[in-house]
Amino acid sequence: NELMSGLGNIPIISAMVGTAITTLAVTYGGVRFQDRRKRRREAVKREFVPSATRHFKPLDEVTIESPCSPNCPLENLVAQDWTKAAIKHIRANIGRETQAESFVEAMMVSRMARSGKTTALKVLFGALKSIPIDDECEGVYPILITFNGRKEAFMSLDGESHADAILRQIAHQLLSPTPSSDAAIQVDQGALFRHLGQNNVVLLIDELNMLSTELDNSAVELLRKFLDKKNRYLVYSTHVPFAIESHIGRSAPPSTRGIAVQNLDSCFDLETLQGMHTDCESLTKAGVALLRGIPALIWTQCVLEHGP
């Protein structure tokens, strides 16, 4: 009986030890997490203003990774075709200013994940930079920022507004030396717009939905400056269609600003899609229909995941 009684206590002791270990782990993790949040909270209070140690790059020196992905050539071809209509729309609107009854509409690119949105914006960035400066056009200077988490997930800093997050991403593109992507460094709005001057500037935001589909007032006011002012324009991609000012109607009359939707092209030519890669040769018409003729999605399914 004593032996059985002793054995009977083993699960209880084990459970107690397990609870203690769990408690220690949670406490230890909590301390680390709190310390990290504290450091971030203190860091985000420091607003960066260009100085002798870090300065704005000239707009014509702003670059991105190669816009042409070596993985899916047809994705790039489709994106390049798509840019023609996109550039035509941008050139027609970048010289406009919002009037009392005439709002400048942002351009939205919305599609599911892995469907070529990032590539499209990269191709558009390159195309805008290549527009020749002549008597009819003074040139266009694109700035591309991303909240795409494919390579390095974006993480908001504690206490950071949506506008602060956007300005931090802009800092990563415009400042020299380039700060790290998670550095709590921002560009001051006044200094930023003085640097942009009267140049034609297009802000391209990749996967804005990863920041939020309901932007706070600080971000709305910031992005309006790329829509309401002459020589500015805004293009953003998102998994979930939404308007920049979609949340404002909760506390004020709904905005009448629309959205210029620029749909990405699809391809339903089976032979063309099969020719993208040897792993695509087994692709069927049913597979094309299932994946909606989206080259990037077909590439992901056939080449990266090895199955039509």
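**Exercise 1. The lining of the largest cavity**

Task: In this predicted model, into how many nonpolar, polar and charged residues does the lining of the largest cavity divide?

Solution. Begin by listing the lining, which consists of E75, V78, A79, R111, S115, G116, A120, L264, D265, I294, P295 and A296. Next, sort these residues by class, remembering that Gly counts among the polar ones; the lining then divides into seven nonpolar, two polar and three charged residues. Then turn to the helices: α3 (73-93) and α10 (295-304) each supply at least two residues of this lining, and α3 gives the most, with three residues. Finally, consider the space itself, for the largest cavity holds about 70 Å³, and a search of the whole structure finds one cavity of 30 Å³ or more.

**Exercise 2. The span and surroundings of helix α5**

Task: What span should the 13 residues of helix α5 have at 1.5 Å a residue, and how far apart are its end C-alpha atoms?

Solution. Helix α5 covers residues 162-174. The expected span is 1.5 Å times one less than the number of residues, and therefore α5 should span 18 Å, which agrees with its end C-alpha atoms being 18 Å apart.

Task: Which elements do the buried residues of α5 pack against?

Solution. First establish which residues are buried, that is, under 20% relative accessible area: twelve of the 13 residues of α5 meet this condition, among them H162, D164, I166, R168 and L174. The buried residues of α5 pack against the strands β1 (55-56), β3 (140-146), β4 (175-176) and β5 (200-206), and also against the helices α6 (189-196) and α7 (217-224).

Technical notes: Residues are numbered from 1 along each chain as its sequence is written. This is a predicted model: local features need pLDDT of at least 70, side-chain atom pairs count only at pLDDT 80 or more; totals for chains, interfaces and linings use all residues. Side-chain values use heavy atoms; hydrogens and water are left out. Helices (H or I, at least four residues) and strands (E, at least two) are DSSP runs, numbered from the N terminus. Buried means under 20% relative accessible area, exposed over 50%, partly exposed in between (1.4 Å probe, protein chains only). Contact means heavy atoms within 4.5 Å. On a 1 Å grid over the protein atoms alone, a cavity is a set of points where a 1.4 Å probe fits but cannot get out, and a pocket is an open set with protein on both sides within 12 Å along at least five of seven lines; lining residues have an atom within 4 Å of a point. Grid points are joined across faces, edges and corners, and a volume is the space filled by probe spheres set on the points.
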